[in-house]
Amino acid sequence: MTHHTTFLVAAMVTCVSMLGAARAHAQASASPGRPGRVDITGVDGITRLPLAGASVRLVSVFDTTRVHDATLDARGRARVDSLPAGPWVLTARHARLDTLGVGSVAVPFTVRAGRGVTVRAAMPSVGTLVARVCGSAATPGTGYLFGTVRQAVRTSALPRAAATGSALPLSAGQVTAQWPDLRVETGRIERTIVTTDVPVGDNGRYVLCGVPTETTVRLRAVSAEGASGVVTFTSSATGIVPRDLVLGRADTVVTTPSGPQPPEDSGLVDIVLRGAGGVRGTVQTVDGRPLANAIVGLSATGLETRTDSAGRFLLAATPTGTWTLAVQALGYAPRQQPVDLVPGDTVAQVVALVRAQVMDTVRVRANAMVRTMLGRNLADFDERRKMGFGRFLAPEDFARAEGGSMLNFLTSRIPGMRTAGTGRRTLVSSRGSISVSQRQCPIRVIFDGMPDAGPLDLDSIDPSLIAAAEYYTPATLPAQFSFGISPCGTLLLWSRW
């Protein structure tokens, strides 16, 4: 937060200094004369495209009550005629500036009697922005996350525009981000999960530097007033990502499964997260056709439903705050998107799914680097196996399972694990302390050390392609894999390739 605050303060000080210096110069050399003309151009320093639609304001240094407003056209241009001679300051605002956390740009200029002047309002480049915001924390190939943390305070008495309420006070909470990191060191590839915490600062603002471009990021905000869910998204190509977070509440609801239960399920309970929020919407294709029978859920809450014949869905009595809406349908790539849920309101969402690309069978030959990475993964696997806190399946176990069912293979060898569902089966824990919808407790799967981005179809994986597996209860899970929520157990899979 320090670098971002310093950047904003420095920008304001610079603008005030411009006005002061211009005023002093003008008072020393001012002379009345005919008005002049100003031609304005606005350019995005990142895309090199015009800042079409930008709002510009011209303020006289002599008399700050003298103001001229204009809007840049499709070419990023505007003209202001008959502007009194003297020093002026131009400020420009644009949605593009807001998405980068810039706010506005300020440019001083002078109008000379009876003459024209061209003023160029250019948005800073990515490198300049990252350097100014992050300072010494700026590194090549990284950017920053920024946003505001608010509390979900909407009630029926408040207008919809006020749904997210007011920002948090100074240092009232913390934002945690995680992303995968891949490094090549001394001839081997190291995979880790980077975890970074930053405090929530003045007016609920936060800035988190060092975020790689185009990578999967998991974000969560916590304070004494509440917490958000875990929000999963992909950082932009610029590495500069705006993401506001809403804190909410979640009530734990415990129920006992109805009907006869298998002996191994005795004592099993269902626990889902509930609250005063709600989300409804439509799942459709990119060309607008509704998708029926798509699965829609809020990640880590246990709340799940299916769309009807018109592609519509409704999740009622959900926790409040920012959560991840996860959608999947047969033949389409799964989709995750953040959703802000507030008390007393049902938020509307439209989710468009892209048809999955089906590729022909590809035969892969591992190179030396990949084999080195596999060796490193198995070495770490052996170290954890020696400690004896989990359940372990070694390469020789998987070598004998070629062509079989992955789920059947796992459940036959790991106690406390079984399958649930018809059609596409899922892996659940029969001994977990928490269970979710459909009276099951889904096991989280981490593939090659990376957190799962969505439900993984284990039955589509040939066991012979897996080198090793580890299964841990919540109490025995190693710290390096404890990111996110895993109340039902965690399965680690390590591929041969």
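A residue is taken as buried when its relative accessible area is under 20%, and in this predicted model Thr322, with a relative accessible area of 0%, is therefore buried. Thr322 belongs to strand S23, which spans residues 321–328. The side chain of this threonine makes a polar contact with the side chain of Asp340, at 2.6 Å. When neighbours within four places in sequence are left aside, the surroundings of Thr322 comprise contacts with Ser228, Gly229 and Val231, with the run Arg243, Asp244, Leu245 and Val246, and with Pro338, Val339 and Asp340. Asp340 thus appears both among these contacts of Thr322 and as the side-chain partner in the polar contact.

A search of the whole structure for disulfides finds one, and this bond joins Cys134 to Cys209 with an S to S distance of 2.1 Å. Cys134 lies in helix H3 (residues 126–134), whereas Cys209 lies in strand S11 (residues 205–212), so that the disulfide ties together parts of the structure that are 75 residues apart in sequence. The torsion about the S-S bond of Cys134 and Cys209 is about -90°, and the disulfide is therefore left-handed.

Burial was also assessed for the two cysteines. Cys134 has a relative accessibility of 0% and so counts as buried; Cys209, with a relative accessible area of 18%, is likewise buried, because the cut-off for this class is under 20%.

Methods. Residues are numbered from 1 along each chain as its sequence is written. This is a predicted model: local features need pLDDT of at least 70, side-chain atom pairs count only at pLDDT 80 or more; totals for chains, interfaces and linings use all residues. Side-chain values use heavy atoms; hydrogens and water are left out. Helices (H or I, at least four residues) and strands (E, at least two) are DSSP runs, numbered from the N terminus. Buried means under 20% relative accessible area, exposed over 50%, partly exposed in between (1.4 Å probe, protein chains only). A polar contact is a pair of N or O atoms within 3.5 Å; within protein, one must be able to donate a hydrogen and the other to accept it, and residues adjacent in sequence count only if both atoms are side-chain atoms. Contact means heavy atoms within 4.5 Å. A disulfide is a pair of cysteine sulfur atoms within 2.5 Å.
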